[in-house]
Amino acid sequence: MAEVKEKLSKLLGAGSLDSAEPRKREHLLKYTPKREDLVPRSVKDSYVMASIPLRTDKVMQQRYVSNVGTVRYGRLMEDMDLFAVWVCQQYVKLANLPPDGELPCSFVTIMANSMNIRYNVYGVDNDLRVSGYVAWAGTSSFEVLVWVHVVEGNELHEITQAGFLMASRNANNSGSAPINPLKADNDEEKKIIAEGELRRQKRAEMRKISVWQEKPTQEEHDIMYDLLEKTTDKTSLELYKRVLPPDSRWMSDAYDVTTILSFPENKNMYNTVFGGFLMRIAYEITFITSFKHCKNRPKLEHVSEFDFQKAIPVQSLLRIFAHIIYVERNYMTIMTTNDVLDPATSQKITSNVSYFVFSSPKDVEPIVPRSYQETLLYIHGRRKFQNLSSINNNRSIK
């Protein structure tokens with residue numbers, strides 16, 4: 001992975017920290033291809049892998065391992081996002097490009113989605129392997145699947161896998177750039193591409209489960225009424241008075257927030273903040289939020305819908321707000337928002353919203369909404385949680 005970072009830095013001109021502006025690339029615009037001139041590429045054409053030598057590299061151990069010996073998932077997210085760009089570099093091929101020439105395009109992350117944790121790594125006895133390939137391609141966007149495995153002798157154990165929806169931009173980032181069509185060389189690749197198309201359709205459907213896109217159902221209205229009934233003091237006529245049920249916590253108290261300053265080391269080639277860095281800091285504050293709530297070291301189960309809505313200038317003030325919006329037994333669904341703050345005007349612009357699911361070794365305090373807006377968030381979190389079939393299959397809920 002260290003070599004991947006170095007090569008990408010040279011290819012994309014993002015290595016200099018003392019430059020206030022991105023490197024000029026307008027001279028590459030003449031090489032921007034037409035869609036019809038691009039030769040089809042197969043899944044295997046984009047396949048690439050790299051290693052993280054935890055077993056032998058002390059620097060990597062300090063970077064990737066926590067104080068209790070577990071792998072730092074925030075670091076893995078950061079690397080997986082970067083690795084998705086490296087896969088894109090392998091996939092796009094232009095016939096008219098000079099030997100050793102730079103691609104007249106670059107790649108940005110639109111969304112990181114459906115990251116499940118399947119294997120927990122303890123200690124530094126084994127190396128990690130990162131791999132990935134393009135699984136679906138449109139005209140200027142494509143999906144890259146990235147895996148992380150732990151290598152134990154001759155065996156590989158999958159830690160996690162995530163899908164990254166990427167966009168191809170032209171040399172000066174003034175518009176989209178076409179990419180090679182994706183073809184299947186065999187039945188296995190046909191299946192990979194078909195599954196990628198299904199995920200594309202599912203991404204569109206996922207947006208519809210928001211309570212701001214689809215009103216609560218009758219079942220959800222019944223849940224909302226039950227929450228109101230349980231928190232209403234029937235012996236008092238005082239308006240708006242709510243009573244917290246025993247062994248519960250108000251949703252308005254179940255959050256954590258931090259503000260940080262980004263630096264040039266966190267930038268990409270456009271002098272905006274690197275998406276993988278945003279994923280890492282969002283995970284870290286969300287982990288703290290769940291840890292404080294369940295009072296046990298929580299386990300990351302799933303990350304979804306980390307969409308990159310706006311580019312963030314380097315040296316921006318970043319506010320990360322993690323809010324527990326739904327609890328079911330020992331699972332916590334947390335909505336995490338990345339905002340850009342303007343200290344002069346106090347203006348706040350949301351750049352990213354993501355959803356994390358953590359589990360605790362034992363059941364945790366339920367979250368109880370107090371306002372109508374919080375109740376909608378509760379229903380929103382419930383929908384997100386119920387949609388995670390990988391978790392539903394592992395829990396005894398009827």
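A residue is termed buried when its relative accessible area is under 20%. The views below are drawn from a predicted model.

**View 1. Surroundings of Ser46 in helix α2.** Ser46 belongs to helix α2, which comprises residues 43–46. Its relative accessibility is 0%, and Ser46 therefore counts as buried. Two polar partners of the side chain are backbone atoms: the oxygen of Val43, reached at 2.9 Å, and the nitrogen of Val134, which lies 2.8 Å from a polar atom of the Ser46 side chain. When neighbours within four places in sequence are set aside, the residues in contact with Ser46 are Val87, Gln90, Tyr91, Gly132, Tyr133 and Val134. Val134 thus appears both among these contacts and as a partner through its backbone nitrogen.

**View 2. Helix α4 and the ring pair of Tyr91 and Phe142.** Helix α4 covers residues 73–91. Its 19 residues should span 27 Å at 1.5 Å a residue, and the end C-alpha atoms are indeed 27 Å apart, in agreement with that expectation. The helix is mostly covered, with 18 of its 19 residues buried. The whole structure contains 15 aromatic pairs. In one of them, the ring centres of Tyr91 and Phe142 are 5.8 Å apart and the ring planes stand at 50°, so the pair is classed as tilted. Because Tyr91 lies in α4 and Phe142 in strand β5 (residues 141–152), the pair ties together parts that are 51 residues apart in sequence. Both Tyr91 and Phe142 are buried.

**View 3. The stacked rings of Tyr255 and Phe321.** Here the ring centres are separated by 5.2 Å and the planes by 20°, so the pair of Tyr255 and Phe321 is stacked. The pair links distant parts of the chain, with Tyr255 in strand β9 (residues 255–261) and Phe321 in strand β11 (residues 317–328), 66 residues apart. Tyr255 has a relative accessibility of 39% and therefore counts as partly exposed.

**View 4. An aromatic cluster and two charges placed over rings.** One aromatic cluster is formed by Tyr73, Tyr283, Phe287, Phe291, Phe356 and Phe358. Two further rings are shown with a charged side chain. Arg370 lies over the face of Trp250, at 4.4 Å from the ring centre. The charged end of Lys384 sits over the ring of Tyr355, 4.6 Å from the centre of that ring.

**View 5. The two sides of helix α5.** Helix α5 consists of the 20 residues 187–206; the span expected at 1.5 Å a residue is 28 Å, which agrees with the 28 Å between its end C-alpha atoms. Glu189, Ile192, Gly196, Arg203 and Met206 are the buried residues of α5. Viewed down the helix axis, the buried residues fall within an arc of 90°, so they line one face of α5. On the other side of the helix, Asp187, Lys190, Lys191 and Leu198 are exposed. At the start of α5, a side-chain oxygen of Asn186 comes to within 3.2 Å of the backbone nitrogen of Glu188.

**View 6. Positive phi values at Lys295 and Glu305.** Lys295 is not a glycine, yet its phi is positive, at about 60°. The residue is placed in the loop between α7 (275–294) and β10 (299–308). With a relative accessible area of 62%, Lys295 is exposed. Glu305, also a residue other than glycine, has a positive phi near 55°. Glu305 is found in strand β10, and at 12% relative accessibility it counts as buried.

**View 7. Two exposed loop residues, Asp125 and Pro361.** Asp125 occupies the loop between β3 (105–117) and β4 (127–137). A relative accessibility of 58% means that Asp125 counts as exposed. Asp125 and Pro53 are 72 residues apart in sequence, with 9.9 Å between their C-alpha atoms. Pro361 is located in the loop between β13 (347–359) and β14 (367–368), and its relative accessibility of 66% makes it exposed. Apart from neighbours within four places in sequence, Pro361 is in contact with Asn296 and Arg297. The C-alpha atoms of Pro361 and Thr32 are 53 Å apart, and these residues are separated by 329 residues along the chain.

Technical notes. Residues are numbered from 1 along each chain as its sequence is written. This is a predicted model: local features need pLDDT of at least 70, side-chain atom pairs count only at pLDDT 80 or more; totals for chains, interfaces and linings use all residues. Side-chain values use heavy atoms; hydrogens and water are left out. Helices (H or I, at least four residues) and strands (E, at least two) are DSSP runs, numbered from the N terminus. Buried means under 20% relative accessible area, exposed over 50%, partly exposed in between (1.4 Å probe, protein chains only). A polar contact is a pair of N or O atoms within 3.5 Å; within protein, one must be able to donate a hydrogen and the other to accept it, and residues adjacent in sequence count only if both atoms are side-chain atoms. Contact means heavy atoms within 4.5 Å. The expected span of a helix is 1.5 Å times one less than its number of residues. The arc is that of the directions from the helix axis to the C-beta atoms. Rings of Phe, Tyr and Trp (its six-membered ring) pair if their centres lie within 6.5 Å; planes under 30 degrees apart count as stacked, over 60 as edge-to-face and the rest as tilted. A charge sits over a ring if NZ of Lys or CZ of Arg is within 6 Å of the ring centre and within 35 degrees of the ring normal.
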